[in-house]
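Visitor: I'm new to looking at protein models. Could you walk me through this one?

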Amino acid sequence: MDNIELIKLGQKIKFERLKRKLSQEKLAELSNISIHGLSNIETGKTDLKYSNLLRIAHAFNMKANELLDFSL
């Protein structure tokens with residue numbers, strides 16, 4: 001993914017997290033990702049491993065491809 005896509009994906013993850021009224025800490029716990037790692041994902045500072053994408057999608061009770069739909 002390029003930087004623009006990473007930023008869009010991070011924004012989508014943050015949008016979904018806030019929509020569900022989850023803190024970063026809670027989502028990190030649910031997805032078994034460190035808080036620092038999740039923060040970097042939401043800000044687009046780090047490339048997202050597919051396994052982490054699946055974990056986050058599972059925590060949201062959604063499919064990974066739904067997170068990849070950037071039409072907020």
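Guide: Sure, here come some questions and answers about the model above. This is a predicted model, where local features need pLDDT of at least 70, side-chain atom pairs count only at pLDDT 80 or more, and totals for chains, interfaces and linings use all residues. Residues are numbered from 1 along each chain as its sequence is written, and side-chain values use heavy atoms, with hydrogens and water left out.

Visitor: How many helices and strands are there in the chain?
Guide: Helices (H or I, at least four residues) and strands (E, at least two) are DSSP runs, numbered from the N terminus. Reading from the N terminus, you get α-α-α-α-α. The count is 5 helices and 0 strands.

Visitor: What is the radius of gyration of the chain, and what does the globule rule give?
Guide: Take the radius over C-alpha atoms; the rule is 2.2 Å times the number of residues to the power 0.38. The C-alpha trace spans about 25 × 20 × 20 Å along its principal axes. The chain is as compact as a globular protein of its length, because its radius of gyration is 11 Å, close to the rule's value for 72 residues, 11 Å.

Visitor: What percentage of the 72 residues is buried?
Guide: Let's fix the words: buried means under 20% relative accessible area, exposed over 50%, and partly exposed in between (1.4 Å probe, protein chains only). By that cut-off, the buried share of the 72 residues is 39%.

Visitor: Which helices do the buried residues of H4 pack against?
Guide: H4 covers residues 50-60, and its buried residues are Asn52, Leu53, Ile56, Ala57, Ala59 and Phe60. They span an arc of only 160° around the axis (taken from the directions from the helix axis to the C-beta atoms), which puts them on the same side of H4. On the other side, Tyr50 and His58 are exposed. With contact meaning heavy atoms within 4.5 Å, the partners of the buried residues are helix H1 (3-19), helix H2 (24-31), helix H3 (35-42) and helix H5 (64-67).

Visitor: Is asparagine 52 buried or exposed?
Guide: You'll find asparagine 52 in helix H4. Its C-alpha is 9.4 Å from that of leucine 38, a residue 14 positions away in sequence. Asparagine 52 has a relative accessible area of 15%, so the label is buried.

Visitor: What covers the buried residues of H3?
Guide: First, who are they? The buried residues of H3 are Gly37, Leu38, Asn40, Ile41 and Glu42. After H3 comes glycine 44, with a positive phi near 75°. The cover over the buried residues includes H1, H2 and H4.

Visitor: What is the phi of lysine 21?
Guide: Most residues other than glycine have a negative phi. Lysine 21 sits in the loop between H1 and H2, and its relative accessible area of 75% makes it exposed. Lysine 21 is not a glycine, yet its phi is positive, about 55°.

Visitor: Where does asparagine 61 lie?
Guide: Asparagine 61 follows H4. Its phi is positive too, near 60°, in a residue other than glycine. At 73% relative accessibility it counts as exposed. Its place is the loop between H4 and H5.

Visitor: How far apart do the centres of the positive and negative side chains lie?
Guide: Lys and Arg count as positive and Asp and Glu as negative, while His and the chain ends are not counted. Each charge is placed at NZ of Lys, CZ of Arg, CG of Asp or CD of Glu. There are 12 positive and 9 negative side chains, and the two centres lie apart by 4 Å.
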